Amino acid sequence: MADESTLTTIAHPELSPEINNDSDNASLSSGGTDYASLRSSVLDYEYENGRRYQSYRKGEYLFPNDADEQDRMDFLHHIYSMIFGGKLHLAPLENFSGRILDLGTGTGIWAIDFADEHPAAEVIGNDLSPIQPGWVPPNCVFEVDDFEADWHYTKPFDFIHGRSLAGAVKDMDRLTKQAFENLKPGGYLELKSIGMATFCDGDQEGYLKKAPSTNQMCRLIHEASSKFGKQMQDFSGWEESLKAAGFVDIVADVVKVPMSAWPKDPKQRDIGRFTYSVTIQGFHSLLPKLLVDILGWTPLEVTVLISKVKQELADVSIHQYFKLYSFYARKPVT
């Protein structure tokens with residue numbers, strides 16, 4: 001967590017004092033002369049490429065935080081729910097009355113659902129943007145913070161969760177180390193993210209010919225996100241970071257996520273249909289920042305590329321899919 005002068009909590013009056021006072025931070029609901037400056041620092045948004053971005057830690061995150069992007073986040077939450085059969089976590093949690101931290105919580109939808117399912121738990125979600133709703137379960141609170149900065153929580157957690165962190169992590173070794181240090185012995189860290197690279201089983205040469213714009217886009221995303229310093233594609237190396245931090249019982253998995261309604265299986269076809277919609281929406285959120293700001297493209301060039309990729313993804317004869325990387329690991333008891 002950041003230090004006291006930069007961190008802001010979106011506090012709710014119905015929260016218990018124990019949850020509200022967890023960390024040494026300043027509250028937007030508190031009085032005093034700092035209130036106006038704190039509120040201004042996180043709500044005075046930046047605007048680029050026709051989209052709205054966070055002002056706190058400006059430039060640290062590639063995606064916007066406006067209403068369209070919030071809709072995309074919530075839609076993606078539904079896709080994760082479909083993929084994992086409604087489960088909010090894969091780690092074998094035993095203590096549902098413990099303390100939970102959700103990294104990069106976004107709209108807070110995962111944290112809210114977890115708090116609703118487990119009313120005895122204390123759930124904290126942090127994000128660079130204060131876009132979470134005001135009405136939340138009484139056991140849930142949100143903080144405006146950068147999880148890549150130093151953490152100063154005063155009490156350890158039973159479970160730390162991070163999802164859709166593509167493009168948000170500069171140093172996974174540091175993140176897993178801080179998570180390890182802030183977990184109780186026996187506590188779990190769970191990470192999931194969909195890589196922004198496409199794959200197609202079978203005829204790779206034919207795939208490259210059928211989807212040239214999609215493959216071009218993936219190469220550009222790799223180039224731009226690498227320059228930005230927070231890569232967005234292959235997360236297989238996260239397992240080594242977990243090991244280096246001291247975690248044990250690491251479970252790593254890769255799930256294929258169809259990018260359109262090409263699968264024969266009805267459930268997978270539905271996932272593909274939804275993924276197609278959220279992917280196109282995501283391109284409009286992500287590509288202007290990556291291609292215009294980092295690689296120097298014009299907005300018109302980006303629009304043309306998105307249109308070509310959209311046509312290729314709509315072709316169900318091309319069996320394209322993303323890879324969803326998931327990991328969970330335990331902090332040893334001794």
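What follows is a conversation about how terms apply to one predicted model.

Visitor: What does the chain contain in helices and strands?
Guide: The chain has 10 helices and 11 strands. Of its 334 residues, 54% count as buried. Among contacts between residues at least 6 apart in sequence, 72% join residues at least 24 apart.

Visitor: Why is Cys140 called buried?
Guide: Buried means under 20% relative accessible area. Cys140 has 0% relative accessibility, so Cys140 counts as buried. Cys200 has 9% relative accessibility, so Cys200 is buried by that cut-off too.

Visitor: How many disulfides are there, and by what rule?
Guide: A disulfide needs a pair of cysteine sulfur atoms within 2.5 Å. By this rule the count is 0.

Visitor: What makes a set of residues a nonpolar core here, and which residues have the most contacts inside the largest one?
Guide: The members must be buried residues of the listed nonpolar kinds, joined through side-chain atoms within 4.5 Å. The largest such core has 63 residues, and Trp151, Ile160, Met232 and Phe283 have the most contacts inside it. Helix H9, residues 266-294, gives the most to this core, with 9 residues. A second, separate core has 17 residues, including Ala91, Ala111, Ala115 and Phe159.

Visitor: Which residues does Ile160 touch, apart from its neighbours within four places in sequence?
Guide: Ile160 is in contact with Leu101, Leu103, Trp151, Ala179, Asn182, Leu183, Tyr188, Leu189 and Glu190.

Visitor: Which residues of helix H4 are buried, and what do they pack against?
Guide: H4 spans residues 109-117, and its buried residues are Trp110, Ala111, Ile112, Phe114 and Ala115. These buried residues pack against helix H3 (67-83) and four strands: S5 (99-103), S6 (122-127), S7 (140-144) and S8 (157-163).

Visitor: Why are H9 and H10 called roughly antiparallel?
Guide: Start with the angle. The axes of H9 and helix H10 (residues 299-314) cross at roughly 155 degrees and come within 10 Å. Angles over 145 count as roughly antiparallel. H9 is therefore roughly antiparallel to H10. Their crossing is right-handed. On the H9 side the contact includes Tyr276, Ile280, Phe283 and Leu287. On the H10 side it includes Val302, Leu305, Ile306 and Val309.

Visitor: What makes H7 and H10 oblique to each other?
Guide: The axes of H7 and H10 cross at roughly 125 degrees and come within 8 Å. The class for roughly perpendicular runs from 65 to 115, and roughly antiparallel needs over 145. An angle of roughly 125 degrees fits neither, so H7 and H10 are oblique. The crossing of H7 and H10 is left-handed. H7 makes the contact through Pro212, Ser213, Thr214, Gln216, Met217 and Leu220. H10 makes it through Leu305, Lys308, Val309, Glu312 and Leu313.

Visitor: Is Ser213 buried or exposed, and how do you know?
Guide: Ser213 has 8% relative accessibility. The cut-off for buried is under 20%, so Ser213 counts as buried. Ser213 is found in H7, residues 212-228. Leaving aside its neighbours within four places in sequence, Ser213 is in contact with Leu305, Lys308, Val309 and Glu312.

Visitor: Why is Ser164 called partly exposed?
Guide: Partly exposed lies between buried, under 20%, and exposed, over 50%. Ser164 has a relative accessible area of 28%, so Ser164 is partly exposed. Ser164 lies in the loop between S8 and helix H5 (172-181). Its phi is near 55 degrees, a positive value in a residue other than glycine.

Visitor: What about Asp249: where is it found, and what is its phi near?
Guide: Asp249 is found in strand S10, residues 248-258. Phi of Asp249 is near 50 degrees, a positive value in a residue other than glycine. At 46% relative accessibility, Asp249 counts as partly exposed, because exposed needs over 50%.

Visitor: What makes Gly50 exposed?
Guide: Gly50 has a relative accessible area of 78%. That is over the 50% cut-off, so Gly50 is exposed. Gly50 lies in the loop between strand S3 (46-48) and strand S4 (51-53).

Visitor: How many residues lie along the chain from Gly50 to Pro288, and what separates their C-alpha atoms?
Guide: Gly50 and Pro288 are 238 residues apart along the chain, and their C-alpha atoms are separated by 9.4 Å. Pro288 is also one of the H9 residues in contact with H10.

Key:
Residues numbered from 1 in each chain as written. Predicted model: local features only at pLDDT ≥ 70, side-chain atom pairs only at ≥ 80, totals over all residues. Heavy atoms only, no water. Buried < 20%, exposed > 50% of the residue type's maximum accessible area, 1.4 Å probe, protein only. Helix = DSSP H or I, 4+ residues; strand = E, 2+ residues; numbered from the N terminus. Contact = heavy atoms within 4.5 Å. Axes fitted to C-alpha atoms, helices over the stretch in contact; angles between N-to-C directions. Parallel < 35°, antiparallel > 145°, perpendicular 65-115°, else oblique. Left-handed = near helix turned anticlockwise from the far one by under 90°.
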